[in-house]
Every structure is written in structure tokens, then in C-alpha cells.
Amino acid sequence: MTTESLSAGDDAHRLLSDVRDLAGRVRRDQRLTWVALLVLAAAAFAAIPFDWLFMKVRCDGGGCMFARRGMLYYWPPALLLAYAAIAVSYVRAARARGLGARVLPYAITGAVTTVVFTAAYVAAAVYFPSHPPFGGGPMPFWWIVLDRLIAPWGLIGLALLVLARLERNVALLLFTAGYLALVLLVLPTTDGMDLPGWLPSFLSGSNMYLRLSMTLPQLITGAVLLAGGIGFAKARRRQR
Amino acid sequence: MTAETDTPGPSDPGQSDPGPSDHPVTGLDEVVHQRVRLGILTITHEARRVEFGYLRTQLELTAGNLSKHLSVLETAGLIDIEKGYEGKRGRTWITLTPAGNAALAAEISRLKVLIARVETSRKEQN
């Protein structure tokens, strides 16, 4: 009986280990993480000229007021197209390998977050000019983080978290955690970045300065997504 | 589960029709509790939908051997097999039925119980 139960236990161990190994192989074969990141990087870079061209800036002695209309014109359709392109790429690649795809929840999350961004942006544009948050005084940090979270760059990170969960992809989870920390806590994606002091002084206080200060965080975000895409593509090539 | 059922060769009839009977010692379902068939169910569950060629490559089986295992699972109502064409190329797609999903989940939980039972008895012996 002892011999029998020992061999049954070892056999069960081996079978469970085979199951985990096979499941892991299928998940790796279904992944196309690098494509998702490259598409999102392209979307982030393409947003820059829209933001630049359609930004309304009004400066006076007390400072500058700005409205980023380009974000509303560009991001909702761009995000929907990006998520559709990612979903189609995943399905086609998985099908070519002889597998089904599990990307649909990611595309749905992406589409839902796009609707959330659009609604929040329109509501803010309508409501806040007459009712400035916190009486027009300094905003608490949690408010700034929330503002960055519902901006397109934050929502891209949220959707990537869903993708990491679907793919059970620890590397993507770590990348996304770093990305979210960057766009939520470090980069001033929604209110512009201080520019280096070596820039020509005539830019200071001008429309150009404000536009540049908004462009820099977008360039960094796009570069991080691009670097992630290249990194995942190289890692995949090495695995094969 | 014996060594023979672990490594079905080309002459192996794919355990042609063990039927949904339980293992006399472990209580495991013999249709599912077989390395290749458990592999088929695992891959199909994970992939949602899998093509014959992918299964053959991953499980390192001959086409004939894989077909026999698939027909055992299909007869037991655990998978659906759909044949079609992509261009001029014939393709066979396999999906898990709800019964297949349930059988896989049950098998995995039985394996875990079995492992826990064996480990407990080992600890008691020590």
C-alpha cells in the first residue's frame, strides 16, 4: 500500500507539473506584448502634433491659461483604433500559430477606459471653468494623481494591467507597474513640465514654452512604451 | 496510472476506449487521467481553441496517435472537433465542451487532493 500510494503521489506531482508547463507554453505562444506596446507608443507619439496644434493658450501678466482641445479630438478615436489594431493582431497571430486568443477583455477594457476619459474630459471642460476645483487654490496630490490616471497615458497603463493579468505575464506586470509609477507620480502629464534652463529665455512665459512643457512628458511616455515594445520583442526572439 | 498509459506509442491504440470509469485506487477518471489526454484538455482549455497541428507539436505525437486520443475525448463528450479549410489548407480545430472544462477542473483538484493525501501519509510515517 505504501509503495502504491507513493507512486500515485509522484505520478500526480508529475501530471500537475506537466499541466502547468503546457499551460505556460500556450500562454507564451499567445502573447504579442511587443505589438501592443509598439502600437501604444505610436499612438502616444502621434498625439504630440495634435496637442501642439489644437492647444488654446491665453497669457497675461498673471500667467497663462490653456485648454488642450487636441486631446479630445485625437485620443478617443486613436485609442479605439489602437485597441482594435492590437486585438486584430493578437487574434491573427494566435490563429496562425493554431491557437485561440484571449485578448478580448483587454480590448473591451481599453474601449471602456476611452469612454471614461472622454466623459471625464468633457465634464471637466464644461464644469470646471465656472467651478474651479478647490476654489482655484492649490490642488492636493491625490487630485493630481487622479487627474493623471484618467488622462490617456494613465488609462493606457490600466489597460496594460488587464493585459498582464490575461497573459499571466509577470514581466509585463512589472513593466506596467513602473510605467504607472512614472506617469502617475513622476511625469506631470496633465500640467506640463519645467523645461531645462538652457532653453532660450525668449521662450519663457510664451505659448511656445507651454506647448514644449506639455510635449516633453508625452515624448518620455512614448519613449518608455517604445523601449518596452523593443525589449519584449527582443526577449521573445531570444525565447524562440 | 501505469507506465504504458504514460507513453502511448504508434502501436498504442490510444487506450482505445477506457470509458469514463474511475481508477480503482485513486478514484480518478481514466479518460482524463492519462498524460496525453490531460495534456490535450489543458492546452485546449488554455488556448480556448486549438488546431490539430499545434497539439501534435506540443505533445510530440504522431497524427494517428493524436487522432485516437481525440476520438476518445470526443466520444466522452469532453471536446468538440471542427474541420474546415483556410484557403486550400485543411484545418482541424478543437474546443473544450462545458463537460470537458468540468472534467479538467475535477481532475486537477483530485490530483491536488491525492498529492496532499500522500504528503500527509509521508509525514505520518516520518
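What share of the contacts in chain B with a separation of 6 or more comes from residues 24 or more positions apart? Keep chain B selected for the answer, and bear in mind throughout that this is a predicted model.

**Stop 1: chain B.** Colour chain B by secondary structure. Five helices and three strands should appear. Followed from the N terminus, the order of these elements is α-α-β-α-α-β-β-α. Chain B has 126 residues, and 37% of them are buried. As for the opening question, residues 24 or more positions apart supply 55% of the contacts in chain B with a separation of 6 or more.

**Stop 2: where chain A meets chain B.** Now show both chains. The contact involves 23 residues of chain A and 23 residues of chain B. Select residues 2-30 of chain A, which form helix α1. This helix provides 18 residues of the side of chain A that touches chain B, the largest share. Colouring that side of chain A by residue class gives 10 nonpolar, six polar and seven charged residues.

**Stop 3: the two domains of chain A.** Hide chain B and split chain A by its domain assignment: residues 1-30 are domain 1, and residues 31-239 are domain 2. A distance drawn between the C-alpha centres of domain 1 and domain 2 of chain A comes to 42 Å. Where these domains touch, domain 1 of chain A contributes five residues and domain 2 of chain A contributes eight residues. On the domain 1 side of this contact in chain A, select by class: three residues are charged, one is polar and one is nonpolar.

Key:
Residues numbered from 1 in each chain as written. Chains lettered and ligands numbered in written order. Predicted model: local features only at pLDDT ≥ 70, side-chain atom pairs only at ≥ 80, totals over all residues. Helix = DSSP H or I, 4+ residues; strand = E, 2+ residues; numbered from the N terminus. Buried ≥ 20, exposed ≤ 12 C-beta atoms within 10 Å, placed from the backbone. Contact = placed C-beta atoms within 7 Å. Nonpolar A, V, L, I, M, F, W, Y, C, P; charged D, E, K, R; others polar. Domains from an automatic or database assignment.
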